[in-house]
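I opened this notebook to record what I looked up about cysteines, packing and enclosed space.

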Amino acid sequence: MKIGVDWDQCEANGVCVGVAPDLFDLDDNDELHVAEGEVPADRVEDARAAIAQCPKAALMEQS
C-alpha cells in the first residue's frame, strides 16, 4: 500500500506523526511530509491507524 494525501483537507495537525513518526513528519514550517513509495509490510497496521485517526480525513490508502 501507499499513503495518499488530500492536500486541500490536510491541516498538518500531526496526529499521523504521533501514530507513525517513521511514515509522517512535520517540518519546521508545519508542512506534512509522507514517506514515499510502498509502506513496509510491518508498518501497514500503523499506517492504517494513522489514516483512520486523521481529524480531517485527509489521508487515504492507495494501491
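Is cysteine 10 buried, exposed or partly exposed? I worked from a predicted model, in which local features need pLDDT of at least 70 and side-chain atom pairs count only at pLDDT 80 or more, while totals for chains, interfaces and linings use all residues. Residues are numbered from 1 along each chain as its sequence is written, and side-chain values use heavy atoms, with hydrogens and water left out.

I found cysteine 10 partly exposed, at a relative accessible area of 22%, whereas cysteine 54 is buried at 18% (buried is under 20%, exposed over 50%, partly exposed in between, with a 1.4 Å probe and protein chains only).

I then searched for disulfides (pairs of cysteine sulfur atoms within 2.5 Å) and the structure holds 0. For cysteine 10, the nearest cysteine sulfur is that of cysteine 54, 6.4 Å away.

Next I turned to the largest nonpolar core (buried Ala, Val, Leu, Ile, Met, Phe, Trp, Tyr and Cys residues joined through side-chain atoms within 4.5 Å), where I noted that, of 18 residues, Ile3, Phe24 and Leu59 touch the most other members. Helix α2 (helices being DSSP runs of H or I, at least four residues, numbered from the N terminus) gives the most to this core, with 4 residues.

Leaving out residues up to four places away in sequence, I listed the contacts of phenylalanine 24 (heavy atoms within 4.5 Å), among them Ile3, Cys16, Leu32, Ala50 and Leu59.

Definitions and conventions
Helix = DSSP H or I, 4+ residues; strand = E, 2+ residues; numbered from the N terminus.
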